[in-house]
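Biologist: Got a minute to walk me through this fold? I'd like the sheet, the core and any odd spots.

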Amino acid sequence: MWIDELPYVDEHAADIAADADDVWAALVETLDRSFSHAAASTYARAVGCDDHRASGPRPLAAGSAMPGFRVAVATAPSELVLVGRHRFSSYALCFHIDVIGAGHTQLRAETRAAFPGVTGALYRTLVIGTRGHDVAVRRLLAGIKRRAESRARSAA
């Protein structure tokens with residue numbers, strides 16, 4: 001799979017007081033809500049993303065798309081891999097859910113991306129170099145954590 005060929009960018013993690021099934025549900029719900037709105041679609045079109053609108057099965061599964069991403073792998077409740085391409089980059093965002101103990105998991109978000117050419121290097125500087133990517137991924141993980149822990153409390 002071409003994901004393995006993409007250079008490693010970074011990885012962020014969140015410890016979550018919820019089981020893997022709750023984290024999985026929170027992950028797919030949060031991603032779908034976060035990326036399936038007008039602003040995301042507008043941005044995806046502006047940079048020339050292959051996928052610029054939500055389509056395919058819901059909840060997210062292999063073949064689902066949302067602005068900027070397509071689900072390449074969906075193995076509930078352990079792995080979700082999003083891929084995408086646009087004029088400045090080819091990228092993957094890989095989520096891994098690891099069980100740490102009863103009712104406790106770790107969610108990891110690994111980013112891989114290639115930024116070819118001068119325009120790709122400039123885009124990398126704007127997105128990665130400014131730490132904007134870090135802020136966005138940490139915020140996304142925090143939202144998933146809140147939703148998963150809320151689900152777990154409701155089920156208890």
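Modeller: We'll go through the sheet, the core, a helix, the rings and then the loops. Bear in mind that this is a predicted model.

Biologist: Sheet first. How many strands, and in what order?

Modeller: There are 6 strands in an open sheet. The order is β1-β6-β5-β4-β3-β2, with antiparallel pairing.

Biologist: Which are the edge strands?

Modeller: β1 and β2. Each of them pairs on one side only. β2 covers residues 65-66.

Biologist: What holds neighbouring strands together, in general?

Modeller: Backbone hydrogen bonds, in parallel or antiparallel pairing.

Biologist: OK, how many bridges between β5 and β6?

Modeller: 11, and the two strands run antiparallel. One position to click on is Ile 97, which stands opposite Leu 107 in β6.

Biologist: And how many between β4 and β5?

Modeller: 8 bridges, again antiparallel. His 86 has Ser 89 in β5 as its bridge partner. The two strands form a hairpin, with 2 residues between them.

Biologist: What about the turn from β5 to β6? Which residue there takes a positive phi?

Modeller: Gly 103, with phi near 70 degrees. That hairpin also has 2 residues between its strands.

Biologist: And β1 with β6, how many bridges?

Modeller: 8, in the antiparallel sense. Glu 11 has Glu 110 in β6 as its bridge partner.

Biologist: Switching to the core. Which residues touch the most other members?

Modeller: The largest nonpolar core has 37 residues. Leu 27, Leu 31, Leu 80, Leu 82, Phe 95 and Leu 107 touch the most other members.

Biologist: Which element gives the largest share of it?

Modeller: α1, with 8 residues.

Biologist: Say I zoom in on Phe 95. What does Phe 95 touch?

Modeller: Leaving aside residues up to four places away in sequence, its contacts include Leu 27, Leu 31, Leu 80, Leu 82 and Leu 107. Leu 140 and Leu 141 are among them too. So are some polar or charged neighbours: Ser 78, Glu 79 and Arg 108.

Biologist: What other core lies apart from that one?

Modeller: One of 7 residues. Leu 6, Val 73, Val 81 and Ala 92 are among them.

Biologist: Leu 140 and Leu 141 caught my eye. Which residues in α4 are buried?

Modeller: Those two are, along with others including Val 137, Gly 143, Ile 144, Ala 148 and Ala 152. His 133, Asp 134 and Glu 149 in α4 are buried as well.

Biologist: What covers them?

Modeller: The cover includes β1, β5 and β6 from the strands, plus the helices α1 and α3.

Biologist: What span should α4 have, and how far apart are its ends?

Modeller: At 1.5 Å a residue, its 24 residues should span 34 Å. The end C-alpha atoms are 35 Å apart, so the two values agree.

Biologist: Rings now. How many aromatic pairs?

Modeller: 4. One of them is Phe 69 with Tyr 91, which is edge-to-face. The centres are 5.6 Å apart and the planes make 80 degrees.

Biologist: Where do those two sit in the chain?

Modeller: Phe 69 is in strand β3 and Tyr 91 in strand β5, 22 residues apart. Both are buried. Together with Phe 35 they form one aromatic cluster.

Biologist: Phe 88 and Tyr 123, why do they count as stacked?

Modeller: Their planes are at 15 degrees, and under 30 counts as stacked. The ring centres are 5.4 Å apart. Phe 88 is in the loop between β4 and β5, while Tyr 123 is in helix α3.

Biologist: Is Tyr 123 buried or exposed?

Modeller: Buried, because its relative accessibility is 15%.

Biologist: What sits over the ring of Trp 2?

Modeller: The charged end of Arg 85, 4.5 Å from the ring centre.

Biologist: Last topic, backbone oddities. Where is a peptide bond cis?

Modeller: One joins Arg 58 and Pro 59, with omega about 0 degrees. Pro 59 is in the loop between α2 and β2. Another runs from Ala 76 to Pro 77, with omega near -5 degrees. Pro 77 is in the loop between β3 and β4.

Biologist: And which residue other than glycine has a positive phi?

Modeller: Arg 131, near 75 degrees. Arg 131 lies in the loop between α3 and α4, and it is exposed at 52% relative accessible area.

Methods. Residues are numbered from 1 along each chain as its sequence is written. This is a predicted model: local features need pLDDT of at least 70, side-chain atom pairs count only at pLDDT 80 or more; totals for chains, interfaces and linings use all residues. Side-chain values use heavy atoms; hydrogens and water are left out. Helices (H or I, at least four residues) and strands (E, at least two) are DSSP runs, numbered from the N terminus. The expected span of a helix is 1.5 Å times one less than its number of residues. Buried means under 20% relative accessible area, exposed over 50%, partly exposed in between (1.4 Å probe, protein chains only). Contact means heavy atoms within 4.5 Å. Two strands pair if DSSP finds at least two bridges between them. A nonpolar core is a set of buried Ala, Val, Leu, Ile, Met, Phe, Trp, Tyr and Cys residues joined through side-chain atoms within 4.5 Å. Rings of Phe, Tyr and Trp (its six-membered ring) pair if their centres lie within 6.5 Å; planes under 30 degrees apart count as stacked, over 60 as edge-to-face and the rest as tilted. A charge sits over a ring if NZ of Lys or CZ of Arg is within 6 Å of the ring centre and within 35 degrees of the ring normal.
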